[in-house]
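Welcome to a short set of exercises on how two chains and their helices pack. Take a moment with the sequence and the structure, then work through the tasks at your own pace.

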2 protein chains.
Amino acid sequence: MKHIDKICKALGDRNRLRIIASLFLSKELCACQIHEWLGVSGATASNHLGILANAGFISSRKDGKWVHYRLNRTDPGIQSLLKWVKKNISNDTELNLELDKLKLVTDCSPIELRIRQRKEKSKTLCC
Amino acid sequence: MKHIDKICKALGDRNRLRIIASLFLSKELCACQIHEWLGVSGATASNHLGILANAGFISSRKDGKWVHYRLNRTDPGIQSLLKWVKKNISNDTELNLELDKLKLVTDCSPIELRIRQRKEKSKTLCC
DNA sequence: TTGACGTTTAGATAATCAACTAAATATAAC
DNA sequence: GTTATATTTAGTTGATTATCTAAACGTCAA
């Protein structure tokens with residue numbers, strides 16, 4: 001719990017807060033689900049996940065090709081900060097609206113999601 | 001308490017955390033004391049103070065030429081976040097060492113401090 | 001009222017950062 | 001083994017930001 005500025009900086013980005021908010025609702029999400037929901041490239045999503053992991057907010061579990069992320073529940077300092085975030089994002093109407101759409105990527109397995117993503121991509125490519 | 005990313009971003013800077021840490025120890029500090037202690041230009045200090053005030057962390061009181069800053073105790077969300085910061089900076093050894101030197105700018109009035117600052121400045125100019 | 005001084009604002013610059021594409025890595029499927 | 005695929009890393013670019021100096025603003029004192 002040393003570098004507080006690093007920890008706070010990790011929270012100082014809208015997309016990273018969205019990741020944390022999504023992990024409050026879904027215990028575990030794979031990289032491709034987060035990439036899909038954020039609406040950024042896979043590389044960008046991976047970068048954000050790396051920053052959050054580095055600050056101690058999330059941890060990852062590798063399962064074959066897939067990497068699943070969840071909130072890190074070990075550090076008490078991080079834990080209490082996450083509690084603060086959870087309490088205070090409830091007033092963020094914009095974020096709550098976005099969270100409604102989270103279901104679209106959690107109502108199916110990562111495998112099905114990726115198939116859908118590839119379909120979408122080919123659709124935009126041929127038009 | 002809407003823009004959480006803005007609030008966290010305000011904490012995501014070492015100098016701004018130092019300002020907050022100093023205001024935990026000294027109930028009130030004037031801009032010139034903070035400028036002196038941070039070791040940055042007055043303009044830079046003023047900018048950081050503006051960001052912290054804009055995020056809701058501090059408030060200011062004008063007293064003639066002098067502007068005094070203190071922690072803002074009105075917003076409950078900000079209040080609990082400040083509590084978290086206070087608790088967790090205790091482990092930051094580097095910051096604690098710096099805070100020891102805070103006395104050098106609080107053991108005299110802003111007026112005396114400014115006289116000292118001008119002396120220091122002229123000393124470096126003529127050598 | 002003029003000059004000095006504390007603070008803020010404006011403008012410039014270098015560093016940092018979020019985003020992308022492309023390449024690299026690692027794993028699964030054929 | 002080769003190919004497809006999920007993720008990360010490298011490299012690039014545009015935007016943001018922390019810092020500075022100079023100028024502007026507001027207040028006090030002579």
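Helix axes here are lines fitted to C-alpha atoms, over the stretch in contact, and angles run from 0 to 180 degrees between N-to-C directions. Helices are DSSP runs (H or I, at least four residues), numbered from the N terminus. This is a predicted model, in which local features need pLDDT of at least 70, side-chain atom pairs count only at pLDDT 80 or more, and totals for chains, interfaces and linings use all residues. Residues are numbered from 1 along each chain as its sequence is written, chains are lettered from A and ligands numbered from 1 in the order in which they are written, and side-chain values use heavy atoms, with hydrogens and water left out.

**Exercise 1.** Describe how α2 and α3 of chain B pack.

Solution. Start with the geometry: the axes of α2(B) (residues 14-25) and α3(B) (residues 31-38) come within 11 Å and cross at roughly 125°. The two are therefore oblique to each other (angles under 35 degrees count as roughly parallel, over 145 as roughly antiparallel, 65 to 115 as roughly perpendicular and the rest as oblique). Their crossing is right-handed, meaning that the near helix is turned clockwise from the far one by less than a right angle. Next, list the contacts (heavy atoms within 4.5 Å): N15(B), R18(B), I19(B) and S22(B) of α2(B) meet I34(B), W37(B) and L38(B) of α3(B). Sorted by class, that makes four nonpolar, two polar and one charged residues. Here Ala, Val, Leu, Ile, Met, Phe, Trp, Tyr, Cys and Pro count as nonpolar, Asp, Glu, Lys and Arg as charged, and the others, Gly among them, as polar.

**Exercise 2.** Do the same for α3 and α4 of chain A.

Solution. The axes of α3(A) (residues 31-38) and α4(A) (residues 42-55) come within 9 Å, crossing at roughly 110°. These helices are therefore roughly perpendicular, and the crossing is right-handed. On the α3(A) side the contact uses A31(A), I34(A), H35(A) and L38(A), and on the α4(A) side G42(A), A45(A) and L49(A). Five of these residues are nonpolar, two polar and none charged.

**Exercise 3.** How are chain A and chain B related?

Solution. Superpose them by least squares on the C-alpha atoms of residues with pLDDT of at least 70 in both. A turn of 180° with a shift of 0.0 Å along the axis lays chain A on chain B with an RMSD of 0.0 Å. The copies are thus related as by a two-fold rotation axis. Both use the same surface, as 100% of the contact residues of chain A recur in chain B.

**Exercise 4.** Characterise the interface of chain A and chain B.

Solution. Each chain gives 21 residues to the contact. Together they bury about 1800 Å² (accessible area, 1.4 Å probe, lost on being put together and summed over both), and 68% of that lies on carbon and sulfur atoms. I4(A), D5(A) and W84(A) supply 34% of the area that chain A buries against chain B, more than any other three residues. Finally, α1(A) and α1(B) (residues 4-11 in each) pack at about 160°, their axes 7 Å apart, and are therefore roughly antiparallel.

Methods
Buried area = accessible area lost by both parts, 1.4 Å probe.
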